[in-house]
Amino acid sequence: MSHPVRRPLAVLAAAVFVVLLGLAQPASAHGFTSTVYVHVADGGEGRLRTELKLEYDLLVVSAADAGHDDPLFRAGTEAFAAGDADAEAAALNSHRATAVDYVTRRFTVTTDEGACRADQAGDFRMGREEGVPYALLTLDWTCAAHGDADHEIRSGLFPDAEEYVKGSKTIVTYAVDGHSGSAALDAAHPSFSLGQAWTERFWEFFRLGAEHLLTGVDHILFLLALIAGSRRPREIVLAATSFTLAHSVTFLLAALGVVDVPERVVEPVIALSIAVVAGWHLWRIRRRGVHVTDLAVPEGGHFALDRAGWTRLGVVFCFGLVHGLGFAGALGIDAAWSWTLLWSLLVFNVGIETVQLAIIALVFPLLLLLRRRSRRAGLWATGTICAGVAAMGLVWFVQRAFGL
């Protein structure tokens with residue numbers, strides 16, 4: 001192999017090795033990240049009402065630890081292990097001072113005139129989000145300011161420093177004084193104003209979408225498998241378009257509550273899709289060798305794709321539908337339909353697509369260069385990528401399917 005070819009191949013192999021080594025961990029949301037859901041509305045008499053949904057077992061452990069309340073820990077964890085929703089609610093209500101204190105020290109509402117006072121409205125209740133028990137807490141906030149005073153919402157719930165989860169986020173929807181919208185809060189962006197401009201609100205969801213794909217190891221590996229198995233620029237463009245259309249449809253339908261597929265079904269299928277798309281290219285390498293990049297285009301064929309290309313496109317579209325459900329599960333908005341909500345979801349999706357296109361623009365030209373310099377070099381590069389991706393996909397499938 002000539003020196004000009006060895007150098008880019010070595011760079012590519014090193015980059016792929018670093019990516020796979022750094023990202024080779026179970027891609028499971030529960031137990032590593034957590035999402036708090038909040039809806040803010042008028043509470044009457046100048047107050048704000050917030051409805052918070054918090055992951056139950058995480059709330060119990062975090063609140064008990066922060067408040068040194070061992071009885072809450074014992075009662076809460078026993079109820080969680082038994083799967084008894086009534087007992088779970090009773091545990092929190094019996095130790096409401098500890099639980100509410102934990103929440104209100106980390107979730108606050110303020111105005112220019114100072115902090116607002118929180119009062120619990122009703123008891124703790126139980127619900128479920130993505131198949132996980134969630135505690136429902138209603139708080140009424142009384143603020144010194146009146147009239148058109150702007151309110152700032154700040155969330156520092158379940159921080160990384162507690163070491164129970166990493167990268168927790170708070171999804172807020174609001175409808176106050178004729179203004180409605182949504183925001184995504186995390187450690188880097190912990191607060192927002194109810195009077196924020198629409199550009200600020202949409203930027204938050206663009207950023208959240210971009211960060212979700214960048215931190216979503218399984219989606220990135222699926223994209224790498226698509227890139228490695230594409231033979232021509234038009235093929236990766238069509239594959240990316242097919243994937244985008246498919247996951248955009250199910251993402252919006254699921255995020256708006258039109259369809260609801262359990263996470264225990266979605267997550268194993270996503271893992272399997274990674275292994276299948278990567279394995280497909282390996283199978284074609286075994287059958288065709290260095291001719292795997294040949295494209296047999298039928299006379300007058302649409303988009304200059306052969307039978308293998310169209311079959312792969314259909315498979316990618318079907319798997320894209322499932323990935324869209326995974327994107328929606330990560331956002332997890334549960335709010336009534338509104339045009340503002342729809343735009344927030346679309347901007348989140350645009351953030352995903354921007355990162356997806358950036359990865360394609362970075363990786364595919366390098367692979368294309370290798371193939372044009374040396375078919376064998378390109379074969380080894382794409383084969384190495386797909387072998388690593390397929391292995392990770394199979395590992396994740398077993399973990400998710402059997403709860404390991």
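These points describe a predicted model of a single chain, from its overall make-up to one buried glycine.

1. Overall make-up. The chain has 404 residues, and 49% of them are buried. Its secondary structure consists of 12 helices and 11 strands.

2. Contacts and surface. Among contacts in the chain with a separation of 6 or more, 73% join residues that lie 24 or more positions apart. The accessible surface of the chain is about 19,100 Å², and carbon and sulfur atoms account for 61% of that area.

3. The largest nonpolar core. This core holds 56 residues. The members that touch the most other members are Leu221, Leu226, Ile227 and Val389. Two or more residues come from each of β7 (132-142), α6 (198-215), α7 (217-229), α8 (233-255), α9, α10, α11 and α12 (375-401). Helix α11 gives the most to this core, with 13 residues.

4. The second core. A separate nonpolar core of 40 residues is also present. Leu48, Leu58, Leu92 and Tyr174 are among its members.

5. Cavities. The model contains 3 cavities of 30 Å³ or more. The largest cavity has a volume of about 120 Å³. Its lining is made up of 13 residues, of which Gly229, Trp280, Arg284, Ala308 and Arg312 are the closest to the centre.

6. Lining of the largest cavity. By residue type, the lining divides into 6 nonpolar, 3 polar and 4 charged residues. Helices α9 (263-288) and α10 (307-331) each supply at least two residues of this lining. The most comes from α10, which gives 5 residues. Both α9 and α10 also appear among the elements that give two or more residues to the largest nonpolar core.

7. A glycine in α11. Gly351 lies in helix α11, which spans residues 339-373. Is Gly351 buried or exposed? Its relative accessible area is 0%, and the cut-off for buried is under 20%, so Gly351 counts as buried.

8. Surroundings of Gly351. Apart from its neighbours within four places in sequence, Gly351 is in contact with Phe206, Gly209 and Ala210. The C-alpha atom of Gly351 is separated by 8.7 Å from that of His212, although the two residues are 139 residues apart along the chain.

Terms used. Residues are numbered from 1 along each chain as its sequence is written. This is a predicted model: local features need pLDDT of at least 70, side-chain atom pairs count only at pLDDT 80 or more; totals for chains, interfaces and linings use all residues. Side-chain values use heavy atoms; hydrogens and water are left out. On a 1 Å grid over the protein atoms alone, a cavity is a set of points where a 1.4 Å probe fits but cannot get out, and a pocket is an open set with protein on both sides within 12 Å along at least five of seven lines; lining residues have an atom within 4 Å of a point. Grid points are joined across faces, edges and corners, and a volume is the space filled by probe spheres set on the points. Helices (H or I, at least four residues) and strands (E, at least two) are DSSP runs, numbered from the N terminus. Ala, Val, Leu, Ile, Met, Phe, Trp, Tyr, Cys and Pro count as nonpolar, Asp, Glu, Lys and Arg as charged, and the others, Gly among them, as polar. Buried means under 20% relative accessible area, exposed over 50%, partly exposed in between (1.4 Å probe, protein chains only). Contact means heavy atoms within 4.5 Å. Accessible areas come from the Shrake-Rupley method with a 1.4 Å probe; for residues, only the protein chains shown count as cover. A nonpolar core is a set of buried Ala, Val, Leu, Ile, Met, Phe, Trp, Tyr and Cys residues joined through side-chain atoms within 4.5 Å.
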